[in-house]
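Trainee: I would like to go through this model piece by piece. Shall we start with the loops and then turn to the contact between the chains?

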Amino acid sequence: MTTTDMSETKPPPAKFKPVHPRLVRYWHWINAFAILLMVGSGWRIYNASPIFKGFRFPNDWTIGAWLGGALQIHFAAMWLFVINGLVYLIYGVVSGHFRRAFLPLDPREFLRDFALALRGKLPHHIGSYNAVQRLFYIGVILAIVGVFVSGLAVWKPVQFQTLAALMGGYEGARIVHFLMMSAIVAFVLVHLTLVALVPKTLWPMLWGRARGEDEEGGQS
Amino acid sequence: MKIEKPETRALIREDKDIRKVERRLFLKQSLSLGALTLLTGCDVTDIGAVQSITAAMSKWNDKVQAAIFSQSRLAPEYTEADITKPFPFNAYYRRDRVPYVDGATYRLELSGLIQDTRPWTLDQLHALPQRSQITRHVCVEGWSAIGKWGGVVFGDFLRRVGADIRARYVGFKCADNYYSSIDMATALHPQTIIALTYADQTLPPEYGFPMKLRIPTKLGFKNPKHIMAMFVTNDYPGGYWEDKGYNWFSGS
(Lines give C-alpha, C1' and ligand atoms only; values in the text may rest on other atoms or scores of the structure.)
Protein backbone atom coordinates (compact mmCIF):
# COMPACT_ATOMS: atom_id res chain seq x y z
CA MET A 1 0.00 0.00 0.00
CA THR A 2 1.20 3.38 -0.78
CA THR A 3 0.17 4.68 2.64
CA THR A 4 2.66 2.40 4.48
CA ASP A 5 5.35 3.46 2.01
CA MET A 6 4.52 7.01 2.88
CA SER A 7 4.82 6.39 6.61
CA GLU A 8 8.25 4.78 6.20
CA THR A 9 9.78 7.62 4.28
CA LYS A 10 11.09 10.50 6.26
CA PRO A 11 8.79 13.47 6.61
CA PRO A 12 10.05 16.60 4.90
CA PRO A 13 12.64 18.15 7.23
CA ALA A 14 11.26 20.77 9.55
CA LYS A 15 12.40 24.20 8.60
CA PHE A 16 15.94 24.37 10.00
CA LYS A 17 16.35 27.24 12.37
CA PRO A 18 19.97 27.58 13.47
CA VAL A 19 20.93 28.61 16.99
CA HIS A 20 23.21 31.25 15.51
CA PRO A 21 22.32 32.67 12.08
CA ARG A 22 25.02 32.15 9.45
CA LEU A 23 25.94 35.83 9.36
CA VAL A 24 26.41 35.90 13.12
CA ARG A 25 28.72 32.85 12.93
CA TYR A 26 30.88 34.32 10.18
CA TRP A 27 30.93 37.62 12.01
CA HIS A 28 31.97 35.91 15.23
CA TRP A 29 35.00 34.13 13.78
CA ILE A 30 36.19 37.06 11.67
CA ASN A 31 35.80 39.21 14.77
CA ALA A 32 37.77 36.74 16.88
CA PHE A 33 40.61 36.79 14.32
CA ALA A 34 40.53 40.59 14.04
CA ILE A 35 40.56 41.02 17.83
CA LEU A 36 43.51 38.64 18.13
CA LEU A 37 45.45 40.73 15.60
CA MET A 38 44.39 44.07 17.07
CA VAL A 39 45.18 43.12 20.67
CA GLY A 40 48.42 41.30 19.83
CA SER A 41 49.76 44.18 17.74
CA GLY A 42 48.30 46.77 20.11
CA TRP A 43 50.26 45.31 23.02
CA ARG A 44 53.47 45.63 21.00
CA ILE A 45 52.65 49.26 20.21
CA TYR A 46 51.86 49.85 23.90
CA ASN A 47 55.26 48.43 24.85
CA ALA A 48 57.04 51.09 22.77
CA SER A 49 55.87 53.68 25.30
CA PRO A 50 53.93 52.23 28.24
CA ILE A 51 51.13 54.40 29.62
CA PHE A 52 51.61 52.79 33.03
CA LYS A 53 55.28 53.08 33.93
CA GLY A 54 56.81 49.71 34.59
CA PHE A 55 54.00 47.70 33.00
CA ARG A 56 54.74 46.01 29.70
CA PHE A 57 53.25 43.03 27.94
CA PRO A 58 55.67 40.14 27.43
CA ASN A 59 56.95 40.55 23.86
CA ASP A 60 56.29 36.85 23.24
CA TRP A 61 52.58 37.56 23.65
CA THR A 62 52.61 40.25 21.01
CA ILE A 63 52.32 40.28 17.21
CA GLY A 64 54.43 42.23 14.74
CA ALA A 65 58.06 41.55 15.81
CA TRP A 66 58.80 45.28 16.25
CA LEU A 67 56.95 48.57 16.56
CA GLY A 68 56.78 49.16 12.80
CA GLY A 69 55.51 45.65 12.10
CA ALA A 70 52.91 45.91 14.87
CA LEU A 71 51.70 49.28 13.55
CA GLN A 72 51.32 47.85 10.04
CA ILE A 73 49.30 44.91 11.33
CA HIS A 74 47.22 47.12 13.65
CA PHE A 75 46.25 49.52 10.88
CA ALA A 76 45.58 46.73 8.38
CA ALA A 77 43.51 44.57 10.77
CA MET A 78 41.67 47.74 11.81
CA TRP A 79 39.76 47.65 8.52
CA LEU A 80 38.73 44.03 8.99
CA PHE A 81 37.68 44.76 12.58
CA VAL A 82 35.74 47.93 11.75
CA ILE A 83 34.02 46.78 8.55
CA ASN A 84 33.09 43.45 10.13
CA GLY A 85 31.81 45.27 13.20
CA LEU A 86 29.74 47.72 11.16
CA VAL A 87 28.13 44.89 9.18
CA TYR A 88 27.21 43.21 12.46
CA LEU A 89 25.84 46.40 14.05
CA ILE A 90 23.70 47.20 11.02
CA TYR A 91 22.51 43.60 10.73
CA GLY A 92 21.84 43.38 14.48
CA VAL A 93 19.68 46.49 14.53
CA VAL A 94 17.90 46.04 11.19
CA SER A 95 17.13 42.31 11.51
CA GLY A 96 16.00 42.56 15.11
CA HIS A 97 18.76 40.15 16.16
CA PHE A 98 19.91 42.46 18.95
CA ARG A 99 16.38 42.87 20.27
CA ARG A 100 15.67 39.15 20.19
CA ALA A 101 19.03 38.01 21.57
CA PHE A 102 19.96 40.71 24.08
CA LEU A 103 16.69 42.23 25.34
CA PRO A 104 15.02 42.71 27.76
CA LEU A 105 17.56 43.88 30.29
CA ASP A 106 15.98 43.45 33.70
CA PRO A 107 18.25 44.32 36.66
CA ARG A 108 16.43 41.92 39.03
CA GLU A 109 16.68 39.10 36.52
CA PHE A 110 20.38 39.90 36.10
CA LEU A 111 21.01 39.81 39.87
CA ARG A 112 19.15 36.51 40.17
CA ASP A 113 21.04 34.91 37.27
CA PHE A 114 24.35 36.37 38.43
CA ALA A 115 23.87 34.86 41.91
CA LEU A 116 23.04 31.51 40.28
CA ALA A 117 26.11 31.79 38.05
CA LEU A 118 28.40 32.45 41.02
CA ARG A 119 27.08 29.29 42.69
CA GLY A 120 27.59 27.39 39.45
CA LYS A 121 23.87 26.69 39.17
CA LEU A 122 22.94 28.85 36.21
CA PRO A 123 21.54 26.51 33.55
CA HIS A 124 22.58 27.12 29.95
CA HIS A 125 19.86 26.78 27.37
CA ILE A 126 21.25 26.66 23.87
CA GLY A 127 19.48 29.16 21.71
CA SER A 128 18.63 31.67 24.39
CA TYR A 129 20.72 33.88 26.59
CA ASN A 130 20.30 34.33 30.33
CA ALA A 131 20.37 37.83 31.82
CA VAL A 132 24.08 37.66 32.68
CA GLN A 133 24.96 36.75 29.11
CA ARG A 134 22.70 39.46 27.73
CA LEU A 135 24.36 42.16 29.85
CA PHE A 136 27.88 40.89 29.06
CA TYR A 137 27.23 40.75 25.32
CA ILE A 138 25.77 44.26 25.33
CA GLY A 139 28.76 45.35 27.43
CA VAL A 140 31.34 43.92 25.04
CA ILE A 141 29.56 45.43 22.02
CA LEU A 142 29.74 48.82 23.76
CA ALA A 143 33.43 48.22 24.56
CA ILE A 144 34.06 47.43 20.87
CA VAL A 145 32.33 50.67 19.89
CA GLY A 146 34.42 52.43 22.56
CA VAL A 147 37.71 50.94 21.41
CA PHE A 148 36.90 52.05 17.87
CA VAL A 149 35.95 55.60 18.82
CA SER A 150 38.96 56.08 21.14
CA GLY A 151 41.18 54.43 18.52
CA LEU A 152 40.07 57.02 15.94
CA ALA A 153 41.03 59.78 18.39
CA VAL A 154 44.45 58.24 19.07
CA TRP A 155 45.05 57.69 15.35
CA LYS A 156 44.00 61.22 14.28
CA PRO A 157 44.01 63.52 17.33
CA VAL A 158 44.14 66.60 15.10
CA GLN A 159 41.66 65.64 12.38
CA PHE A 160 39.22 64.19 14.96
CA GLN A 161 40.12 66.68 17.70
CA THR A 162 36.52 67.19 18.83
CA LEU A 163 36.25 63.47 19.45
CA ALA A 164 39.63 63.46 21.22
CA ALA A 165 38.56 66.43 23.37
CA LEU A 166 35.59 64.39 24.65
CA MET A 167 38.13 61.98 26.13
CA GLY A 168 40.44 64.67 27.51
CA GLY A 169 42.56 65.01 24.37
CA TYR A 170 45.15 62.68 22.89
CA GLU A 171 46.52 61.35 26.18
CA GLY A 172 43.02 60.82 27.55
CA ALA A 173 42.01 58.95 24.40
CA ARG A 174 45.04 56.67 24.82
CA ILE A 175 43.86 55.73 28.30
CA VAL A 176 40.27 55.17 27.12
CA HIS A 177 41.61 53.00 24.28
CA PHE A 178 43.62 50.95 26.78
CA LEU A 179 40.64 50.55 29.15
CA MET A 180 38.32 49.47 26.32
CA MET A 181 40.94 46.94 25.19
CA SER A 182 41.14 45.69 28.78
CA ALA A 183 37.35 45.29 28.92
CA ILE A 184 37.37 43.33 25.66
CA VAL A 185 40.23 41.09 26.81
CA ALA A 186 38.46 40.49 30.15
CA PHE A 187 35.32 39.53 28.23
CA VAL A 188 37.28 37.17 25.99
CA LEU A 189 38.85 35.46 29.03
CA VAL A 190 35.45 34.93 30.71
CA HIS A 191 33.95 33.89 27.37
CA LEU A 192 36.68 31.28 26.72
CA THR A 193 36.45 29.99 30.29
CA LEU A 194 32.72 29.49 29.95
CA VAL A 195 33.07 27.74 26.59
CA ALA A 196 35.61 25.43 28.22
CA LEU A 197 33.16 24.74 31.06
CA VAL A 198 30.16 24.26 28.73
CA PRO A 199 31.76 22.92 25.52
CA LYS A 200 28.42 22.15 23.88
CA THR A 201 28.08 25.89 23.20
CA LEU A 202 30.97 25.75 20.75
CA TRP A 203 29.10 23.61 18.20
CA PRO A 204 26.30 26.05 17.37
CA MET A 205 28.84 28.82 16.78
CA LEU A 206 30.74 26.55 14.37
CA TRP A 207 27.94 24.76 12.53
CA GLY A 208 24.82 26.66 13.49
CA ARG A 209 23.17 23.81 15.39
CA ALA A 210 23.79 21.91 18.59
CA ARG A 211 25.95 18.78 18.46
CA GLY A 212 24.16 15.60 17.44
CA GLU A 213 21.21 17.48 16.09
CA ASP A 214 20.39 16.44 12.53
CA GLU A 215 18.53 18.16 9.74
CA GLU A 216 15.16 17.24 11.28
CA GLY A 217 15.65 18.92 14.57
CA GLY A 218 14.85 22.57 14.52
CA GLN A 219 15.39 24.51 17.67
CA SER A 220 12.32 25.03 19.75
CA MET B 1 61.63 57.90 18.22
CA LYS B 2 64.06 55.84 20.19
CA ILE B 3 66.37 53.30 18.69
CA GLU B 4 64.51 50.11 17.99
CA LYS B 5 67.38 47.88 17.06
CA PRO B 6 71.07 48.25 17.80
CA GLU B 7 72.06 47.86 14.16
CA THR B 8 70.34 51.15 13.24
CA ARG B 9 72.49 52.88 15.85
CA ALA B 10 75.59 51.77 14.03
CA LEU B 11 74.73 53.90 11.02
CA ILE B 12 77.87 55.77 10.08
CA ARG B 13 77.32 59.49 10.32
CA GLU B 14 79.17 60.57 7.22
CA ASP B 15 77.71 57.77 5.18
CA LYS B 16 75.93 59.40 2.26
CA ASP B 17 75.38 56.16 0.40
CA ILE B 18 71.73 55.28 0.60
CA ARG B 19 72.45 51.76 -0.59
CA LYS B 20 74.18 51.13 2.70
CA VAL B 21 71.01 52.09 4.51
CA GLU B 22 69.11 49.68 2.33
CA ARG B 23 71.55 46.91 3.14
CA ARG B 24 70.99 47.49 6.82
CA LEU B 25 67.27 47.51 6.24
CA PHE B 26 67.51 44.19 4.47
CA LEU B 27 69.57 42.77 7.30
CA LYS B 28 67.10 44.04 9.86
CA GLN B 29 64.10 42.64 8.05
CA SER B 30 65.73 39.28 7.62
CA LEU B 31 66.52 39.25 11.33
CA SER B 32 62.95 39.97 12.30
CA LEU B 33 61.71 37.51 9.67
CA GLY B 34 63.96 34.86 11.16
CA ALA B 35 62.64 35.59 14.63
CA LEU B 36 59.06 35.36 13.41
CA THR B 37 59.76 32.10 11.62
CA LEU B 38 61.05 30.59 14.84
CA LEU B 39 58.11 31.89 16.83
CA THR B 40 55.30 30.85 14.58
CA GLY B 41 56.67 27.91 12.64
CA CYS B 42 55.46 29.58 9.44
CA ASP B 43 57.88 29.53 6.56
CA VAL B 44 59.32 32.72 5.18
CA THR B 45 57.06 32.82 2.11
CA ASP B 46 54.02 33.04 4.41
CA ILE B 47 55.62 35.89 6.30
CA GLY B 48 56.46 37.55 2.99
CA ALA B 49 52.82 37.28 1.95
CA VAL B 50 51.69 38.79 5.25
CA GLN B 51 54.21 41.61 4.86
CA SER B 52 53.06 42.35 1.35
CA ILE B 53 49.45 42.56 2.57
CA THR B 54 50.29 44.89 5.44
CA ALA B 55 52.56 46.99 3.21
CA ALA B 56 49.74 47.32 0.65
CA MET B 57 47.34 48.28 3.45
CA SER B 58 49.83 50.90 4.59
CA LYS B 59 49.76 52.44 1.08
CA TRP B 60 45.96 52.37 1.20
CA ASN B 61 46.09 54.07 4.61
CA ASP B 62 48.27 56.81 3.06
CA LYS B 63 45.40 57.56 0.66
CA VAL B 64 42.78 57.44 3.41
CA GLN B 65 44.80 59.83 5.57
CA ALA B 66 45.31 62.22 2.67
CA ALA B 67 41.53 62.22 2.19
CA ILE B 68 40.87 62.81 5.91
CA PHE B 69 43.51 65.57 6.08
CA SER B 70 42.16 69.10 5.93
CA GLN B 71 44.40 72.06 5.20
CA SER B 72 42.11 74.34 7.19
CA ARG B 73 41.81 72.13 10.28
CA LEU B 74 44.35 73.43 12.75
CA ALA B 75 46.12 71.43 15.42
CA PRO B 76 45.14 72.57 18.92
CA GLU B 77 47.50 75.23 20.30
CA TYR B 78 48.38 75.37 23.99
CA THR B 79 49.59 77.90 26.56
CA GLU B 80 53.12 78.38 27.95
CA ALA B 81 51.96 76.62 31.14
CA ASP B 82 51.21 73.44 29.16
CA ILE B 83 54.77 73.07 27.79
CA THR B 84 56.47 69.78 28.70
CA LYS B 85 59.69 70.39 30.64
CA PRO B 86 62.14 69.14 29.80
CA PHE B 87 61.04 68.45 26.24
CA PRO B 88 62.31 64.93 25.44
CA PHE B 89 65.32 64.44 23.20
CA ASN B 90 64.55 61.99 20.45
CA ALA B 91 66.50 60.54 17.55
CA TYR B 92 67.59 57.21 16.15
CA TYR B 93 70.90 57.73 17.98
CA ARG B 94 71.95 58.77 21.46
CA ARG B 95 72.28 62.37 22.58
CA ASP B 96 76.09 62.25 22.34
CA ARG B 97 75.78 61.59 18.59
CA VAL B 98 73.86 64.78 17.81
CA PRO B 99 75.48 66.27 14.68
CA TYR B 100 77.37 69.55 14.88
CA VAL B 101 76.37 72.05 12.22
CA ASP B 102 78.22 75.35 11.90
CA GLY B 103 75.56 78.08 11.70
CA ALA B 104 77.98 80.61 10.18
CA THR B 105 78.71 78.51 7.10
CA TYR B 106 75.31 76.82 6.93
CA ARG B 107 73.48 77.00 3.60
CA LEU B 108 70.08 75.47 3.05
CA GLU B 109 70.17 73.82 -0.36
CA LEU B 110 67.12 73.68 -2.60
CA SER B 111 66.57 71.48 -5.63
CA GLY B 112 63.95 69.78 -7.76
CA LEU B 113 60.80 71.55 -8.95
CA ILE B 114 61.79 74.94 -7.51
CA GLN B 115 62.40 78.05 -9.65
CA ASP B 116 64.86 79.85 -7.37
CA THR B 117 67.28 77.29 -6.00
CA ARG B 118 69.77 79.74 -4.51
CA PRO B 119 70.90 78.47 -1.11
CA TRP B 120 69.70 80.23 2.05
CA THR B 121 71.79 81.41 4.98
CA LEU B 122 70.38 81.37 8.51
CA ASP B 123 70.34 85.17 8.61
CA GLN B 124 68.25 85.28 5.44
CA LEU B 125 65.78 82.81 6.96
CA HIS B 126 65.58 84.82 10.19
CA ALA B 127 64.84 87.95 8.12
CA LEU B 128 61.59 86.41 6.81
CA PRO B 129 58.33 86.92 8.77
CA GLN B 130 58.38 84.63 11.83
CA ARG B 131 55.60 82.99 13.79
CA SER B 132 55.60 80.71 16.79
CA GLN B 133 53.15 78.15 18.09
CA ILE B 134 52.77 75.83 21.07
CA THR B 135 51.64 72.43 19.83
CA ARG B 136 51.64 68.77 20.79
CA HIS B 137 54.32 66.52 19.34
CA VAL B 138 52.94 62.98 19.09
CA CYS B 139 55.52 60.23 18.72
CA VAL B 140 54.87 57.07 16.72
CA GLU B 141 55.68 55.20 19.93
CA GLY B 142 52.65 56.70 21.62
CA TRP B 143 54.03 59.33 24.00
CA SER B 144 53.42 63.00 23.41
CA ALA B 145 54.92 66.27 24.60
CA ILE B 146 54.01 69.93 24.17
CA GLY B 147 56.60 72.42 22.97
CA LYS B 148 56.97 75.89 21.48
CA TRP B 149 58.53 76.26 18.07
CA GLY B 150 59.06 79.40 16.06
CA GLY B 151 60.14 80.14 12.51
CA VAL B 152 58.96 80.61 8.94
CA VAL B 153 55.62 79.34 7.65
CA PHE B 154 56.74 76.63 5.24
CA GLY B 155 54.02 77.32 2.66
CA ASP B 156 55.11 80.98 2.47
CA PHE B 157 58.71 79.88 1.99
CA LEU B 158 57.79 77.39 -0.75
CA ARG B 159 55.84 80.06 -2.64
CA ARG B 160 58.65 82.59 -2.17
CA VAL B 161 61.20 80.31 -3.83
CA GLY B 162 58.77 79.41 -6.59
CA ALA B 163 58.25 75.78 -5.68
CA ASP B 164 55.80 73.89 -7.86
CA ILE B 165 53.04 73.56 -5.29
CA ARG B 166 51.15 71.17 -7.55
CA ALA B 167 53.97 68.66 -7.17
CA ARG B 168 53.32 65.73 -4.88
CA TYR B 169 56.21 65.63 -2.43
CA VAL B 170 58.71 67.69 -0.53
CA GLY B 171 61.79 65.73 0.53
CA PHE B 172 64.42 66.51 3.18
CA LYS B 173 68.04 65.52 3.71
CA CYS B 174 69.52 66.01 7.14
CA ALA B 175 72.97 66.40 8.68
CA ASP B 176 72.50 63.17 10.70
CA ASN B 177 71.80 61.16 7.52
CA TYR B 178 68.14 61.14 8.40
CA TYR B 179 65.82 61.73 5.48
CA SER B 180 62.08 62.02 5.09
CA SER B 181 59.39 63.40 2.83
CA ILE B 182 55.89 64.81 3.14
CA ASP B 183 52.87 65.41 0.92
CA MET B 184 52.43 68.87 -0.59
CA ALA B 185 49.06 69.41 1.14
CA THR B 186 50.73 69.10 4.55
CA ALA B 187 53.68 71.22 3.42
CA LEU B 188 51.22 74.04 2.68
CA HIS B 189 49.30 73.66 5.96
CA PRO B 190 49.41 77.01 7.83
CA GLN B 191 50.95 75.42 10.96
CA THR B 192 53.77 73.67 9.11
CA ILE B 193 56.85 75.78 9.87
CA ILE B 194 60.59 75.82 9.30
CA ALA B 195 61.44 75.94 13.01
CA LEU B 196 64.47 78.08 13.84
CA THR B 197 63.72 78.48 17.55
CA TYR B 198 62.59 76.36 20.46
CA ALA B 199 61.05 78.10 23.50
CA ASP B 200 62.01 81.47 21.94
CA GLN B 201 65.72 80.52 21.90
CA THR B 202 67.85 79.50 18.93
CA LEU B 203 67.00 75.89 18.19
CA PRO B 204 69.41 73.83 20.35
CA PRO B 205 71.45 71.08 18.64
CA GLU B 206 69.47 68.27 20.30
CA TYR B 207 66.22 69.70 18.91
CA GLY B 208 67.60 70.05 15.41
CA PHE B 209 69.90 73.08 14.93
CA PRO B 210 69.99 74.83 12.56
CA MET B 211 66.45 73.98 11.48
CA LYS B 212 63.73 71.45 11.93
CA LEU B 213 60.48 71.10 10.05
CA ARG B 214 57.74 71.34 12.65
CA ILE B 215 54.48 69.73 11.50
CA PRO B 216 51.86 69.49 14.25
CA THR B 217 49.60 67.48 11.92
CA LYS B 218 52.10 64.63 11.63
CA LEU B 219 53.81 62.17 13.96
CA GLY B 220 57.17 63.19 15.39
CA PHE B 221 59.36 61.16 13.03
CA LYS B 222 57.89 63.17 10.12
CA ASN B 223 59.46 66.31 11.64
CA PRO B 224 63.05 66.08 10.34
CA LYS B 225 65.83 67.91 12.23
CA HIS B 226 69.21 69.33 11.09
CA ILE B 227 67.80 69.88 7.59
CA MET B 228 70.59 70.57 5.08
CA ALA B 229 68.69 70.26 1.81
CA MET B 230 65.14 70.08 0.57
CA PHE B 231 63.64 69.25 -2.80
CA VAL B 232 60.27 69.23 -4.52
CA THR B 233 59.45 66.19 -6.61
CA ASN B 234 56.76 63.93 -8.04
CA ASP B 235 58.83 60.81 -7.40
CA TYR B 236 58.16 59.17 -4.05
CA PRO B 237 61.24 59.91 -1.91
CA GLY B 238 60.49 57.65 1.09
CA GLY B 239 62.23 58.21 4.40
CA TYR B 240 64.54 56.70 7.00
CA TRP B 241 61.81 55.07 9.11
CA GLU B 242 59.26 54.94 6.32
CA ASP B 243 61.57 52.62 4.33
CA LYS B 244 61.75 50.34 7.37
CA GLY B 245 57.99 50.05 7.60
CA TYR B 246 56.51 53.05 9.38
CA ASN B 247 53.48 54.41 7.58
CA TRP B 248 54.55 57.15 5.16
CA PHE B 249 51.73 59.68 5.62
CA SER B 250 51.63 59.31 9.41
CA GLY B 251 49.23 62.18 9.91
CA SER B 252 47.77 62.97 13.28
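Trainee: In which loop of chain B does P86(B) lie?

Mentor: This is a predicted model, where local features need pLDDT of at least 70, side-chain atom pairs count only at pLDDT 80 or more, and totals for chains, interfaces and linings use all residues; side-chain values use heavy atoms, without hydrogens or water. Residues are numbered from 1 along each chain as its sequence is written, while chains are lettered from A and ligands numbered from 1 in the order in which they are written. Helices (H or I, at least four residues) and strands (E, at least two) are DSSP runs, numbered from the N terminus. On that numbering, P86(B) lies in the loop between α3 and β1 (109-112) of chain B.

Trainee: Is the peptide bond from K85(B) to P86(B) cis or trans?

Mentor: The angle to look at is omega. For the bond from K85(B) to P86(B), omega is near -10 degrees, and the bond is cis.

Trainee: What is omega for the peptide bond from F209(B) to P210(B)?

Mentor: P210(B) sits in a loop of chain B, between β7 (201-202) and β8 (212-214). The bond that leads into P210(B) from F209(B) is cis, with omega near 5 degrees.

Trainee: What separates the C-alpha atoms of A175(B) and F209(B)?

Mentor: A175(B) belongs to the loop between β4 (169-174) and β5 (179-183) of chain B. In sequence, A175(B) and F209(B) are 34 residues apart. Their C-alpha atoms are separated by 9.6 Å.

Trainee: Which residues does A175(B) touch, beyond four places in sequence?

Mentor: Contact means heavy atoms within 4.5 Å. With residues up to four places away left out, A175(B) touches P99(B), V101(B), H226(B) and M228(B).

Trainee: Why does A175(B) count as partly exposed?

Mentor: Buried means under 20% relative accessible area and exposed over 50%, with partly exposed in between (1.4 Å probe, protein chains only). A175(B) counts as partly exposed because its relative accessible area is 24%.

Trainee: What is phi of A199(B)?

Mentor: A199(B) is in the loop between β6 and β7 of chain B, and so placed too is D200(B). D200(B) is not a glycine, yet has a positive phi of about 65 degrees. A199(B) is likewise a residue other than glycine with a positive phi, near 50 degrees.

Trainee: Is T197(B) buried or exposed?

Mentor: T197(B) is part of strand β6 (residues 193-198) of chain B. Beyond four places in sequence, its contacts are K148(B), W149(B), G150(B), T202(B) and L203(B). At 17% relative accessibility, T197(B) counts as buried.

Trainee: How many residues of chain B are in contact with chain A?

Mentor: The interface can be counted from either side. Chain A brings 24 residues, and these are in contact with residues of chain B numbering 38.

Trainee: What area is buried between chain A and chain B?

Mentor: Buried area is the accessible area (1.4 Å probe) that two parts lose on being put together, summed over both. Carbon and sulfur atoms give 62% of it here. The total between chain A and chain B is about 2600 Å².

Trainee: Which three residues supply 28% of the area that chain A buries against chain B?

Mentor: No other three residues supply more of this area. The three are W66(A), Q72(A) and Q159(A).

Trainee: Which residue of chain A makes a side-chain polar contact with T54(B)?

Mentor: T54(B) is found in helix α3 (residues 44-68) of chain B and, at 7% relative accessibility, counts as buried. A polar contact is a pair of N or O atoms within 3.5 Å; within protein, one must be able to donate a hydrogen and the other to accept it, and residues adjacent in sequence count only if both atoms are side-chain atoms. T54(B) touches Q72(A), I73(A) and A76(A). Its side chain makes a polar contact, at 2.8 Å, with the side chain of Q72(A).

Trainee: How many salt bridges does the rule find across the interface of chain A and chain B?

Mentor: A salt bridge is a side-chain nitrogen of Lys or Arg within 4 Å of a carboxyl oxygen of Asp or Glu. Between chain A and chain B, 12 residue pairs are in polar contact, both residues at pLDDT 80 or more. For salt bridges across this interface, the rule finds 0.
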